[in-house]
Amino acid sequence: MLRVAVPNKGALSEAATAMLNESGYRQRRDNRELVMVDPDNDIEFFYLRPRDIAVYVGRGILDVGITGRDLFIDAGVNGDAEELLPLGLGASTFRFAGPVGDFSGVEQLEGKRVATSYDVLLKSYLEEQGINAAVVRLDGAVESSVRLGVADAIADVVETGSTLRAAGMETFGEAILESEAVLIGRTGEHPHGLEILTRRLQGVLVARRYAMLDYDIRKDLVAQACALTPGLESPTVSPLHDGDWVAVRSMVKQAQANKIMDELYELGARAILVTNIHAIRI
């Protein structure tokens with residue numbers, strides 16, 4: 001039975017649970033449940049703190065897990081665990097920030113104190129950049145550390161930047177890390193059920209990006225229409241009762257669906273329909 005770690009609370013937990021549901025796996029109905037067994041899919045889910053998930057996977061206690069890329073790197077288990085699949089959830093950026101006007105570049109951190117909740121990640125980055133700065137490890141609310149005299153600057157996850165602005169701070173330098181939710185597993189290991197889990201999650205990712213487009217078009221315009229809707233492999237073209245017309249079905253990117261519909265209509269297509277894709281295997 002595949003043993004999978006899932007975030008136990010917060011936005012990442014909700015997004016991961018929804019994705020697993022869409023992948024056909026049973027999920028807990030009560031947030032107080034710590035373990036959920038899905039015997040039909042031969043899989044067991046453990047709901048843990050996102051920060052701890054990489055540790056459990058890295059030590060081989062659990063087979064795979066869903067956590068943030070920043071948390072995975074900060075756990076210091078890169079040799080024992082590896083990123084298997086980016087999930088497109090919980091996107092964020094790990095950046096330096098300081099009082100407005102105090103810093104313009106990362107090199108100015110030389111000899112300074114930098115507060116963070118991600119000390120392993122930060123120390124590794126500073127070492128790579130050849131910057132000698134003191135890292136101050138805090139469990140949270142790092143934005144207050146400068147005002148309280150604990151640090152000169154901070155390194156933290158930034159989403160909208162509103163919290164930083166409220167604290168009189170601004171980001172500077174290039175991003176340290178672009179983070180998102182990722183599926184991680186033991187390095188080089190492929191337990192039973194992992195391939196199916198990965199394939200299902202990939203199917204959800206594709207289904208969320210694409211839609212199914214159906215339309216009718218005159219035979220003499222099929223080549224032009226298919227150039228607009230090439231699909232993943234090739235569109236499906238079926239004859240209609242009226243021999244001068246055919247029906248075309250093709251996958252298109254969600255973000256481009258309305259533009260393509262307009263172009264097809266101008267070309268002469270009719271009965272143009274777009275439907276969501278619930279699940280897919282590619």
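Colleague: What makes this chain one of several domains, and where are the bounds?
Modeller: The model is predicted, so local features need pLDDT of at least 70, side-chain atom pairs count only at pLDDT 80 or more, and totals for chains, interfaces and linings use all residues. Residues are numbered from 1 along each chain as its sequence is written, and side-chain values use heavy atoms, with hydrogens and water left out. The assignment gives domain 1 (1-87 + 178-205), domain 2 (90-176) and domain 3 (209-274); such bounds come from an automatic or database domain assignment.Colleague: How do you know that domain 1 and domain 2 are in contact?
Modeller: Contact means heavy atoms within 4.5 Å. Ten residues from domain 1 and twelve residues from domain 2 take part. The centres of the two domains, taken over C-alpha atoms, are 29 Å apart.

Colleague: Why is the largest pocket said to lie between two domains?
Modeller: Both domain 1 and domain 2 give residues to its lining, so the pocket lies between them. A pocket is an open set of points on a 1 Å grid over the protein atoms alone, where a 1.4 Å probe fits and protein stands on both sides within 12 Å along at least five of seven lines; lining residues have an atom within 4 Å of a point. By that rule 27 residues line the largest pocket, and L12, P50, D70, L71 and Y118 lie nearest its centre. Its volume, the space filled by probe spheres set on the points, is about 700 Å³.

Colleague: Which helices and strand each supply at least two residues of that lining?
Modeller: They are α1 (11-22), α2 (50-58), α3 (69-74) and β9 (153-158). Helices (H or I, at least four residues) and strands (E, at least two) are DSSP runs, numbered from the N terminus.

Colleague: What makes β8 and β10 edge strands?
Modeller: Two strands pair if DSSP finds at least two bridges between them. The open sheet has five strands in the order β8-β7-β9-β6-β10, with mixed pairing. β8 (134-137) and β10 (169-179) each have a single partner strand, so one side of each is left without a neighbour in the sheet. From one strand to the next, the twist averages 30 degrees.

Colleague: How do you know that β6 and β9 pair?
Modeller: Five bridges join β6 (residues 92-99) to β9 in the antiparallel sense, and the rule asks for at least two. One of the partnerships is that of F94 with V157 in β9. Helix α4 (residues 119-129) packs on this sheet, and its direction makes about 170 degrees with that of β8. Such angles run from 0 to 180 degrees between N-to-C directions, with axes fitted to C-alpha atoms, for helices over the stretch in contact.

Colleague: What is the strand order in the open sheet of four strands?
Modeller: The order is β13-β14-β12-β15, with antiparallel pairing. β13 (236-239) and β15 (270-276) are the edge strands, each pairing on one side only. Nine bridges link β12 (residues 210-218) and β14 (residues 245-253), and A211 has V252 as its bridge partner in β14.

Colleague: Which strands does helix α8 lie across?
Modeller: Helix α8 (residues 257-267) lies across β12, β14 and β15, at about 165 degrees to β15.

Notes. Domain bounds come from an automatic or database domain assignment.
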